[in-house]
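Here are a few exercises to work through with the model open beside you. Try each task before you read its solution.

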Amino acid sequence: MEFVYDEMNQDIVKLAKDFAEKRLLPTVHERDEQEVFDRSLVNELGELGMLGIPFPEEYGGVGADYLSMAMACEELCKVDASIGLSLEVHTTLCSWPIYKFGTEEQRQKYLVPLASGTKLGAFGLTEPNAGTDALNGSTTAIKDGDHYILNGSKIFNTNGGEAEITVVFAVTDKSKGSKGLSAFIVEKGTPGFTYGKQEVKMGIHGSVQRELIFQDMQIPAENLLGKEGEGFKIAMMTLDGGRVGVASQALGIAEGALDHAIKYSKERIQFGKPIAKFQAISFMLADMKAKVEAARWLVYKAAYDMSTGANYTMSAAIAKKVASDVAMQVTTDAVQIFGGYGFTREYPVERYMRDAKITQIYEGTTQVQQMVIAGALLK
Ligand code: CAA
């Protein structure tokens with residue numbers, strides 16, 4: 001099988017690579033150390049059209065495909081997994097469900113500014129007691145005339161506090177189980193919408209995760225996304241695409257760490273020669289490369305399935321599971337190759353290792369991917 005890398009795809013990948021090298025690389029270490037999210041960098045991505053890669057031009061997008069989006073995310077994450085995450089969440093978890101399930105009015109009002117990069121998006125599903133068990137949330141939405149009143153909170157919200165538009169899930173009828181959750185489009189600044197704790201994390205320091213709090217937050221009924229009770233299906237379908245995004249992030253992290261390890265092993269002299277000349281190191285590098293290439297095919301395959309309209313629930317779960325494990329293994333090996341220096345914060349590989357870990361956790365843990373794969377296999 002061959003993926004189609006057309007001219008538009010090549011231009012997008014080049015743009016992402018140049019941006020990563022010129023705009024992200026000079027400050028990535030500092031932003032990681034200071035644990036700051038630099039919104040201006042994401043705004044610049046928006047100006048380049050990178051926040052709307054897979055959406056039609058009529059909705060402010062670039063009109064490319066999900067493979068291009070995944071490859072752009074990969075290029076950013078080779079250098080900076082945090083800014084890549086911001087793009088990934090914005091595109092797959094916020095803009096995509098509005099594109100897929102939104103009315104024409106919702107697309108015009110919300111997708112156009114998201115895809116054209118003037119507004120940033122987020123996705124609010126996770127709650128303190130609803131992580132893997134996504135249906136166990138206690139945020140409620142009660143219909144009141146031509147409004148819904150939302151009460152509750154969401155945690156670990158990427159882009160939280162920054163995003164102007166968030167797709168939020170809330171229970172509209174607990175008795176209906178998976179048919180009792182609904183999706184809503186929530187705007188920053190809505191009265192009753194505030195922010196709580198900002199997470200202090202092991203990795204992805206250059207991104208922001210905040211708690212969202214809704215207290216008698218009133219939103220117009222027309223901000224219901226899809227139909228009442230369709231929220232769980234929307235969340236699951238959205239996460240299928242999000243997992244393609246996380247898989248591409250993991251691939252980029254692994255490649256970035258491998259590049260550093262190759263360079264270092266050619267420069268580092270021990271016993272009178274570069275350590276790359278020792279088979280112990282060169283075979284490690286060979287295995288790292290083999291894992292990266294295996295992950296690449298799975299990630300591109302899932303993105304390709306997403307672009308061509310094939311069912312991608314399973315390919316996305318496989319790509320995320322494999323690529324995130326590869327990211328963890330390759331970044332750990334990169335630290336090993338750097339030895340003591342790799343363990344210090346002066347060299348970049350420990351950051352890659354810290355950033356890799358979350359790819360095995362968010363948007364469904366590795367074990368959730370196993371559940372999804374097994375579920376699809378055995379149904
Ligand atoms: N597409 C369409 N429909 C789907 C679906 C999919 N991928 N997956 C499930 N459904 C439907 C099922 O068909 C079923 O519908 P019916 O009742 O009509 O048959 C319904 O949803 C319920 O399905 P299940 O019984 O399989 O659901 P479950 O309760 O057993 O859940 C689960 C399965 C896989 C564990 C799911 O809950 C899950 O994915 N959990 C993880 C959630 C997650 O990834 N959270 C991350 C949040 S975002 C984040 O990480 C933060 C960030 O900012 C990056």
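**Exercise 1: An annotated span**

The UniProt annotation "domain: Acyl-CoA dehydrogenase/oxidase N-terminal", from an unreviewed entry, covers residues 9–117. The model you are looking at is predicted.

*Task.* Find how much of residues 9–117 is helix and how much is strand.

*Solution.* Start with the secondary structure: the span is 75% helix and 0% strand. Then check its ends, where the C-alpha atoms lie 19 Å apart.

**Exercise 2: The buried side of a helix**

*Task.* Which residues of helix α2 (residues 39–47) are buried, and why do they lie on the same side of α2?

*Solution.* Begin by listing the buried residues of α2: Arg-39, Leu-41, Val-42, Leu-45 and Gly-46. Next, look down the axis: these residues cover an arc of only 160 degrees around it, which puts them on the same side of α2. The general background is that an α-helix has 3.6 residues a turn, so residues three or four places apart point the same way. Now find the partners: the buried residues of α2 pack against α1 (7–34), α3 (66–79) and α4 (81–101). Finally, step past the helix to Gly-49, which follows α2 and has a positive phi, near 85 degrees.

**Exercise 3: Two domains together**

*Task.* Describe the contact between domain 1 (7–120) and domain 3 (232–378).

*Solution.* First take the C-alpha centres of domain 1 and domain 3, which lie 20 Å apart. The contact takes 25 residues from domain 1 and 29 residues from domain 3. Then turn to area: about 2300 Å² is buried between domain 1 and domain 3, and carbon and sulfur atoms give 63% of that.

**Exercise 4: A glutamate in α6**

*Task.* Is Glu-255 buried or exposed, and which residue's side chain does its own side chain join in a polar contact?

*Solution.* Locate Glu-255 in helix α6 (residues 231–267). Its relative accessibility is 8%, so Glu-255 counts as buried. Its side chain and that of Arg-296 are joined by a polar contact of 2.7 Å. Leaving aside neighbours within four places in sequence, Glu-255 is in contact with Glu-74, Lys-78, Val-292 and Arg-296.

**Exercise 5: Positive phi without glycine**

*Task.* Where are Ile-204 and Asp-216 found, and is each buried or exposed?

*Solution.* Recall that most residues other than glycine have a negative phi. Ile-204 has a positive phi of about 35 degrees and is found in the loop between β6 (193–198) and β7 (209–220). At 4% relative accessibility, Ile-204 is buried. Asp-216, with phi near 45 degrees, is found in strand β7. At 57% relative accessibility, Asp-216 is exposed.

Definitions and conventions: Residues numbered from 1 in each chain as written. Predicted model: local features only at pLDDT ≥ 70, side-chain atom pairs only at ≥ 80, totals over all residues. Heavy atoms only, no water. Buried < 20%, exposed > 50% of the residue type's maximum accessible area, 1.4 Å probe, protein only. Helix = DSSP H or I, 4+ residues; strand = E, 2+ residues; numbered from the N terminus. Arc of directions from axis to C-beta. Contact = heavy atoms within 4.5 Å. UniProt positions renumbered as here; feature names shortened; annotations may be inferred. Polar contact = N/O pair within 3.5 Å; in protein donor to acceptor, adjacent residues only side chain to side chain. Domains from an automatic or database assignment. Buried area = accessible area lost by both parts, 1.4 Å probe.
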